[in-house]
Amino acid sequence: MNAAARIAELLLRARRRVACDAGLVALPLVLALALIAWRFAGIAVALSLALLASVVAGFAIRHRVRPHDRAWLASRLDATRTDLDDSSDLLFANEAALGPVQRLQRARLAERLDARPVADLSPPWSRRAIAIAWLLSIVLAAIAILWPHQAPVSAGDGAATTPSSVGMAGEPRLVSATLQV
């Protein structure tokens with residue numbers, strides 16, 4: 001594998017890592033939000049909200065991936081490898097636009113990269129944010145599942161019944177009674 005392909009692979013790997021990292025933070029929150037909406041508002045609202053939250057999460061992931069471009073990779077290469085002489089940006093430059101000295105330096109950089117491959121430059125996983133997001137979503141899901149549908153009504157509270165509350169499912173109760181002797 002030549003230096004250009006290896007550099008492209010490093011950039012792709014870093015962008016994937018950032019996208020997966022952001023996805024692992026966003027996914028449990030989207031699922032918890034959908035579960036809460038399903039529990040309190042029904043399946044149609046839950047699906048709509050899940051779709052909307054997924055779109056927002058997609059934009060957030062894209063926003064997190066965007067800074068990891070060629071300039072980022074060149075700066076990371078320059079920071080981690082002193083033998084590249086702070087010239088990593090030449091690896092991404094157009095060959096036709098380079099002068100003879102720049103072409104020579106680019107060839108030297110490619111030889112150095114072929115001789116000693118670059119370690120993975122992907123940012124580390126944000127384990128704390130992932131753990132917090134999953135823990136928060138588990139707590140929200142447990143609250144949504146364990147939350148009662150409606151407060152139980154005691155028999156002696158004397159509350160007037162409305163026509164809308166008569167048709168609701170729940171505990172059967174006596175609405176009216178007639179006694180003939």
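The chain exposes about 12600 Å² of accessible surface, 65% of which is supplied by carbon and sulfur atoms. The model is a predicted one. Its secondary structure comprises six helices and zero strands, so that the order of elements from the N terminus reads α-α-α-α-α-α, as follows from the DSSP assignment. Of the 181 residues in the chain, 27% are buried. Among contacts between residues at least 6 apart in sequence, 67% join residues that are at least 24 apart.

The largest nonpolar core contains 16 residues, and the members that touch the most other members are Ile7, Leu73, Leu77 and Leu113. Two or more residues are given to this core by each of α1, α3 (70-80) and α4. The greatest contribution is that of α1, with five residues. The surroundings of Leu113 were examined individually. When residues up to four places away in sequence are set aside, Leu113 touches Ala3, Arg6, Ile7, Arg81, Leu84, Leu91 and Val118. One of these partners, Ile7, is itself listed with Leu113 among the core residues that touch the most other members.

Polar interactions were considered next. The count of salt bridges comes to four. In one of them, the side chains of Arg13 and Asp120 meet with an N to O distance of 3.7 Å. This pair links distant parts of the chain, with Arg13 placed in helix α1 and Asp120 in the loop between α4 (100-115) and α5 (127-146), 107 residues apart. Arg13 is partly exposed because its relative accessibility is 36%, and Asp120 is likewise classed as partly exposed, its relative accessible area being 36%.

Asp120 also forms a salt bridge with Arg17, with 3.8 Å between the closest N and O atoms. Here too distant parts of the chain are linked: Arg17 lies in helix α1 and Asp120 in the loop between α4 and α5, at a separation of 103 residues. Arg17 has a relative accessibility of 21% and therefore counts as partly exposed, given that the buried class is confined to values under 20%. Arg13, Arg17 and Asp120 belong, together with Glu9, to a network of linked salt bridges.

A further salt bridge joins Asp21 to Arg64, the closest N and O atoms being 3.2 Å apart. The two residues are 43 positions apart and connect distant parts of the chain, Asp21 being in helix α1 and Arg64 in helix α2 (residues 43-65). The partners fall into separate accessibility classes: Asp21 is buried because its relative accessibility is 4%, whereas Arg64, at 38%, is partly exposed.

On the surface, Leu24, Leu27, Leu31, Trp125 and Trp134 form a nonpolar patch with about 440 Å² of accessible area together. Helix α1 (residues 3-41) gives the most to this patch, contributing three residues. Leu24 is situated in helix α1 and has a relative accessible area of 32%, which means that this residue is partly exposed. The value for Leu24 also satisfies the requirement for patch membership, because patches are made of residues with over 30% relative accessible area.

Helix α1 thus recurs throughout this description. This helix gives the most residues to the largest nonpolar core and the most to the nonpolar surface patch. Helix α1 also holds Arg13, Arg17 and Asp21, each of which takes part in a salt bridge to a distant part of the chain.

Conventions: Residues numbered from 1 in each chain as written. Predicted model: local features only at pLDDT ≥ 70, side-chain atom pairs only at ≥ 80, totals over all residues. Heavy atoms only, no water. Patch = residues over 30% accessible without salt bridge, like charges linked within 9 Å, V, L, I, M, F, W, Y side chains within 5 Å. Areas by Shrake-Rupley, 256 points an atom, 1.4 Å probe, with all protein chains shown as cover. Helix = DSSP H or I, 4+ residues; strand = E, 2+ residues; numbered from the N terminus. Buried < 20%, exposed > 50% of the residue type's maximum accessible area, 1.4 Å probe, protein only. Contact = heavy atoms within 4.5 Å. Core = buried A, V, L, I, M, F, W, Y, C linked by side-chain atoms within 4.5 Å.
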